[in-house]
Amino acid sequence: MYLGIDIGSAASKMVLVNEKLEVKYRYIKNLGVGVSGDILNDFYKESGLLKPDIKYSVATGYGRLMFDGADAEITEISCHAKGVSHLVKGAKTLLDIGGQDAKVTELGPEGSVENFAMNDKCAAGTGRFLELMSHVLGCKVHELSDLAQQSDKAVHISNTCTVFAESEVISRLAAGESKTNIARGLHASIANKIIGLVKRADGGPLYVMTGGVAQNKDVVSEISKALGQKILVPDHPQMVGAYGAAIFARNRSMNC
Ligand code: ADP
């Protein structure tokens with residue numbers, strides 16, 4: 001079997017596939033680069049698999065260069081593109097929002113990368129932004145979507161810088177704005193950032209979203225509204241990079 005390992009900034013993900021690229025195991029640990037510890041051993045313990053069960057492995061993600069337990073390493077842009085091309089036939093533009101960056105990729109044939117745009121300079125428009133804002137709103141990051149979907153309007157958050165946005169949210173709360181409307185406003189602010197990236201690497205429809213933040217339905221819907229296009233989210237969107245890495249592992253092992 002073949003293993004894809006995605007060491008991200010916020011979470012470490014692994015996907016195991018067989019020769020037919022069927023997923024046989026998924027593993028996630030909500031610890032990212034530098035603090036993920038011996039995740040390979042944790043994976044073996046949890047899955048009951050042994051080292052000889054893995055014919056080839058590929059590491060990807062922000063922490064891939066610090067990880068020495070894989071046979072090869074490949075960038076997360078290539079791995080997400082490869083994973084999506086297998087999961088969603090006809091995908092042309094990929095929006096990937098992870099813990100500390102957001103990327104838009106124009107896809108070519110068979111998951112090749114034609115062009116990409118990335119925001120990794122600041123937390124605005126990333127999962128980290130949502131994590132910090134969920135603390136201010138007193139909820140968990142995965143609760144933000146439901147909160148925003150109960151809103152009756154979006155409270156406009158004018159600061160994109162996370163530090164200033166945090167102060168702005170606190171003053172909006174003090175002024176009596178509801179948490180639901182603020183949550184919707186925060187998602188709209190992420191959508192705004194992502195639209196800027198789409199303009200730089202737009203492959204057109206079909207648009208697909210991956211990464212941990214794709215689990216937030218309200219963010220997906222705000223981006224979709226701003227784009228004026230439907231956005232498809234595959235099952236297990238946070239695991240797509242690891243799945244792509246597993247596909248590369250299988251292909252390299254079988255020389256195809
Ligand atoms: P990375 O590869 O950088 O570690 P991921 O693609 O794994 O990033 O995504 C991690 C981010 O996803 C975290 O910042 C977290 O806030 C966000 N996230 C995880 N689960 C959810 C969820 N259910 N709803 C919204 N965001 C989520």
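## Two cores, two sheets: a chat over a predicted model

Mentor: Let's start in the middle of this predicted model. Its largest nonpolar core has 37 residues, and the ones with the most contacts inside it are Leu95, Leu137, Ile194, Met209 and Ile223.

Trainee: Nice. Which helices and strands supply at least two residues of this core each?

Mentor: On the strand side there are E6 (93–97), E7 (102–107) and E9 (207–210). The helices are H3 (127–137), H4 (144–149), H5 (162–174), H6 (179–200) and H7 (217–227).

Trainee: And where does the largest share come from?

Mentor: From H6, which gives nine residues to this core.

Trainee: Let me pick one from your list. What is Ile223 in contact with, leaving aside neighbours within four places in sequence?

Mentor: Ile223 is in contact with Leu95, Ile97, Ala191, Ile194, Ile195, Met209 and Ile231.

Trainee: Ile231 makes me think of strands. In what order do E6, E7, E8, E9 and E10 sit in their sheet?

Mentor: The order is E8-E7-E6-E9-E10, in an open sheet with mixed pairing. The edges are E8 (113–119) and E10 (231–232), each of which pairs on one side only.

Trainee: How do E9 and E10 pair, parallel or antiparallel?

Mentor: Parallel, over two bridges. In that pairing, Tyr207 stands opposite Ile231 of E10.

Trainee: OK, new topic. What does the second core include?

Mentor: That one is separate and has 17 residues, including Leu21, Tyr56, Met239 and Tyr243.

Trainee: Then let's look at the other sheet. What is its strand order?

Mentor: E3-E2-E1-E4-E5: five strands in an open sheet, again with mixed pairing. E3 and E5 (72–73) stand at the edges with a single partner strand each, so one side of each is left without a neighbour in the sheet.

Trainee: What about E1, then? Which strands does it pair with?

Mentor: E1 is joined to E2 (residues 12–17) by six bridges, and the two run antiparallel. They form a hairpin with four residues between them, and Asp6 stands opposite Lys13 in E2. With E4 (residues 56–60), E1 runs parallel and shares five bridges; there, Ile5 has Ala59 as its bridge partner.

Trainee: Why is E1 largely enclosed by the rest of the structure?

Mentor: Six of the six residues in E1 (residues 2–7) are buried, so the strand is largely enclosed by what surrounds it.

Trainee: And which way do its residues point?

Mentor: Tyr2, Gly4 and Asp6 point one way, while Leu3, Ile5 and Ile7 point the other, and all are buried. As a rule, side chains in a regular strand alternate between the two faces of the sheet.

Trainee: How about E2 and E3, parallel or antiparallel?

Mentor: Antiparallel, over six bridges. Val15 has Arg26 in E3 as its bridge partner.

Trainee: What lies across these strands?

Mentor: H1 lies across E1, E2 and E3, and runs at about 130° to E3.

Trainee: How many aromatic pairs turn up in the whole structure?

Mentor: Three. One of them is Tyr27 with Phe43, an edge-to-face pair at 6.0 Å centre to centre with 85° between the planes. It links distant parts of the chain: Tyr27 is in E3 (residues 23–29) and Phe43 is in H1 (residues 39–47), 16 residues apart.

Trainee: Are those two buried or exposed?

Mentor: Tyr27 counts as buried at 5% relative accessibility, and Phe43 is buried at 0% relative accessible area. Ring pairs also link Tyr25, Tyr27, Phe43 and Tyr44 into a cluster.

Trainee: One more residue: where is Ala249?

Mentor: Ala249 is in H8 (residues 240–253) and is buried, with a relative accessible area of 0%.

Trainee: What is Ala249 in contact with, once neighbours within four places are left aside?

Mentor: Tyr2, Leu3, Tyr56, Ser57 and Val58. Also, the C-alpha atoms of Ala249 and Glu73 are separated by 9.5 Å, though the two residues are 176 apart along the chain.

Trainee: Last one, Ser85. Buried or exposed?

Mentor: Ser85, in H2 (residues 76–87), counts as buried at 17% relative accessibility. A polar atom of its side chain lies 2.8 Å from the backbone oxygen of Lys82. Not counting residues up to four places away in sequence, Ser85 touches Glu110 and Gly111.

Note on methods
Residues are numbered from 1 along each chain as its sequence is written. This is a predicted model: local features need pLDDT of at least 70, side-chain atom pairs count only at pLDDT 80 or more; totals for chains, interfaces and linings use all residues. Side-chain values use heavy atoms; hydrogens and water are left out. Buried means under 20% relative accessible area, exposed over 50%, partly exposed in between (1.4 Å probe, protein chains only). Two strands pair if DSSP finds at least two bridges between them. Rings of Phe, Tyr and Trp (its six-membered ring) pair if their centres lie within 6.5 Å; planes under 30 degrees apart count as stacked, over 60 as edge-to-face and the rest as tilted. Contact means heavy atoms within 4.5 Å. Axes are lines fitted to C-alpha atoms, for helices over the stretch in contact, and angles run from 0 to 180 degrees between N-to-C directions. A polar contact is a pair of N or O atoms within 3.5 Å; within protein, one must be able to donate a hydrogen and the other to accept it, and residues adjacent in sequence count only if both atoms are side-chain atoms. A nonpolar core is a set of buried Ala, Val, Leu, Ile, Met, Phe, Trp, Tyr and Cys residues joined through side-chain atoms within 4.5 Å.
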